[in-house]
Amino acid sequence: MGDEDSSGSSASLPKYLEHLPGDGKAIGVLTSGGDAQGMNAAVRAVVRTGIYVGAKVYFICEGYQGMVDGGSNIVEAKWESVSNMLQIGGTIIGSARCQAFRSREGRLKAACNLVRLGITNLCVIGGDGSLTGANLFREEWNGLLEELAQNGEIDKDAVQKYSYLNVVGMVGSIDNDFCGTDMTIGTDSALHRIIEVVDAIMTTAQSHQRTFVLEVMGRHCGYLALVSALACGADWVFLPESPPEEGWEASMCLKLSENRARKKRLNIIIVAEGAIDRQNQPISSEKIKELVVKQLGFDTRVTILGHVQRGGTPSAFDRILGSRMGVEAVIALLEATPETPACVVSLRGNQAIRLPLVDCVQMTQDVQKAMDERRFNEAVKLRGRNFEGNLKIYKRLAIKLPDDKIPKSNCNVAVINVGAPAAGMNAAVRSAVRVGIADGHKMFAVYDGFDGLARGQIKEIGWADVGGWTGQGGSILGTKRTLPGKHLEKIAEQMHSHNINALIIIGGFEAYLGLLELAAARQKHEAFCVPMVMVPATVSNNVPGSDFSIGADTALNTITDTCDRIKLSASGTKRRVFIIETMGGYCGYLANMGGLAAGADAAYIFEEPFGIRDLQSNVEHLTEKMKTSIQRGLVLRNESCNVNYTTDFIYQLYSEEGKGVFDCRKNVLGHMQQGGAPSPFDRNFGTKISARAMEWITDKLKGSQGAGKKFLHDDSICVLGISKRDILFQPVSELKKQTDFEHRIPKKQWWLKLRPLMKILAKYKASYDVSDSGQLEPLQHQQPQGELAPI
């Protein structure tokens, strides 16, 4: 097939999914261990990708138990078998803990059941225990077959024909407790459940001035506790990897009473179920409650979230993650040889990668060993830079040093919101303000964008002023689309009179254009010769220099939730197609990724021109679909994808051409995509990226030896963005050549390579370039400096 050498030739010769050797291969897919939201998306992707390349795909129901029991537990999957399951939590093929598979006798039965169906490719979705079991099974495979042949259960030819077993793992675990991957399937959805509860509890806690102790899952891993504490601004968090210092009882009570003294009406304490002290003794939520009541006399309540965190519908992130991992797993299986070690498909930044399964499991077990031996600093480091970074930022934002302990920089830093509102902006402002104060700066808030800056709507903002901002949607500071160009004189005057030494701009494409205008005006206005950094925040995700923007994930979840509801409304009527218009300007990110997360049949975007023949082909495709058991269709359209093929036009065309076969409905989602409470992803992304922006400003100001230095170089006026796996500060002047100014989008967009994925999963023929796949990467104990995972 010409794809044996995936290292040397991939640069010159692209490798496509449809050219991979799938014919005659049989793939078994199973979910094992604890369930996690998004597993169904992964199962669906494995089944449909496998069928697409010509392989047979089998469901192995009830995990390893089903593999041991065989019979009706192992059934061939059809294309329609995985319809309408993206939005369902848990796993529809069932999962079970299996004692029998732990014995060689059980694995012998399992091997026999697989060989009889010719299954030599295994895709396992589960935690580290499930993946360890799969690897042992793979290592024993040949010996098991020989034993089966000796016992006369299979013939000698089968031993030769099915001589090796390929294993690829995907990690499904809400705890995010697996080393080597940024996010495991189910973690983001579990965070959604936690944050929904926290937001609800906050309103009742404020009414009664209560303290709430919230216990979240995580017996051996504090990721959920840490990230939810970061996302809601909790007063205190207890983690298994980082127990509190001796005497924590007094420190915590002091912190809670200080917060009350600052007029804060509630306290939130988050506890991981596996929380321990420095002596490895458990710290229970009940113990914390008793302590608060006894020491402070605060009205205190305990809420244990339990299995709520495993339930509910998967978030957009988990659906896209599951779908991408599922496709990558099939590619890995098709490319595997007898020498290929078992691998885990994983996510770093926005890239799918493969890692050696054994190394990942070993490192995951090393964390537990370090905790058992009370080497807690090492345990935090082994969890990865992502976990370590979260913990560092949480501590900086949660605990304020007394004013006399903070060395003053004598610098004034202003924060401004520009452009349309985006969920997560307020979390970014809170983070910038608190990190700035911790770094010794005086922080100023600019109200109502560049308009407000020109009019002098600038006020000093303190630590307590931004309390409780993380969960607020929209922009508390107020934001406008006005560009600074018309008011440069007044803006320079205001910056001079308030002695502003640095500026953080949080916003979308207008913020980017505004930054360019301020950069161009530096020659004329000395007040602009200060460090300036832009933090991208827009639902459209169209800022050059960054793969992600604050607010896009919340909008994507709104689109996905709405599509789920709309699809359900068709379940009674049957034979109905919905045309849904999404926001995004000319950028098709929301339509394309929304289509992938909601299981759409088509998504029309500006970046991929389409004509009447494409529309006709889509109508024919839906007509064929209506003949199957799936009798509903979903079509997304980006608001500016084509000036003539409007939403109304497409709706009328589909209605006319589908007469007698299906009827049509249309829906314009509008500004509901900009509103609502920010998703956990946006709260944390906003918090982390804004903290990094503030650290950059502090470094620049420190280097200037006082507040008087002029900053004239391009590297002092930057856009902060995440690119592949790295966080980058890119001079705004260098980004000009990467920008399509007419359509307000970057010239190159990473997510376009995922477009064929959506089409393939919707049963279209499409060329999916898999040249980037195929490299088994070594597992790094420390990820590269500068890396920032999505959450």
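**Close-up views of helix packing and the largest pocket**

**View 1. Helices α4 and α11 come together with their axes within 10 Å, crossing at roughly 140°.** Everything in this and the following views comes from a predicted model. Angles over 145 degrees would count as roughly antiparallel, and the pair, at roughly 140°, is therefore oblique. The crossing itself is left-handed. On the α4 side, Asp128, Leu131, Thr132 and Asn135 make the contact, and they meet Leu357, Val358, Val361 and Thr364 of α11. Sorted by class, this contact has four nonpolar, three polar and one charged residues.

**View 2. The largest pocket has a volume of about 1,000 Å³.** If you would like a place to centre your view, try Arg97, Gly127, Asp128, Gly129 and Ser130, which are the closest to the pocket centre of the 35 residues that line it. Two elements give two or more residues to the lining: α4, spanning 128-150, and α11, spanning 357-372. These are the helices of View 1, where their axes come within 10 Å. The largest share of the lining, six residues, is supplied by α4. Asp128 is worth picking out here, since this residue is among the closest to the pocket centre and also takes part in the contact of α4 with α11. As for the chemistry of the lining, expect eight nonpolar, 16 polar and eleven charged residues.

**View 3. Helix α7 (residues 223-232) crosses helix α13 (residues 385-398) at roughly 40°.** The two axes come within 10 Å. Angles under 35 degrees would count as roughly parallel, so α7 and α13 are oblique to each other. Their crossing is left-handed. From α7, the residues to look for are Tyr223, Leu226, Val227, Ala229 and Leu230; facing them in the contact are Asn386, Phe387, Asn390, Leu391, Ile393 and Tyr394 of α13. Nine of the residues in this contact are nonpolar and two are polar, with no charged ones.

**View 4. Helix α20 (residues 612-625) and helix α21 (residues 647-657) cross at roughly 50°.** Here, too, the axes come within 10 Å, and the angle makes α20 oblique to α21. The handedness of this crossing is right-handed. Helix α20 brings Ile612, Leu615, Gln616, Asn618, Val619 and Leu622 to the contact, while α21 brings Phe649, Ile650, Leu653, Tyr654 and Glu657. The tally for this contact is eight nonpolar, two polar and one charged.

Methods:
Residues numbered from 1 in each chain as written. Predicted model: local features only at pLDDT ≥ 70, side-chain atom pairs only at ≥ 80, totals over all residues. Heavy atoms only, no water. Axes fitted to C-alpha atoms, helices over the stretch in contact; angles between N-to-C directions. Helix = DSSP H or I, 4+ residues; strand = E, 2+ residues; numbered from the N terminus. Parallel < 35°, antiparallel > 145°, perpendicular 65-115°, else oblique. Left-handed = near helix turned anticlockwise from the far one by under 90°. Contact = heavy atoms within 4.5 Å. Nonpolar A, V, L, I, M, F, W, Y, C, P; charged D, E, K, R; others polar. 1 Å grid on protein atoms, 1.4 Å probe; cavity = no way out; pocket = protein on both sides within 12 Å on 5 of 7 lines; lining within 4 Å. Points joined across faces, edges and corners; volume = space filled by probe spheres on them.
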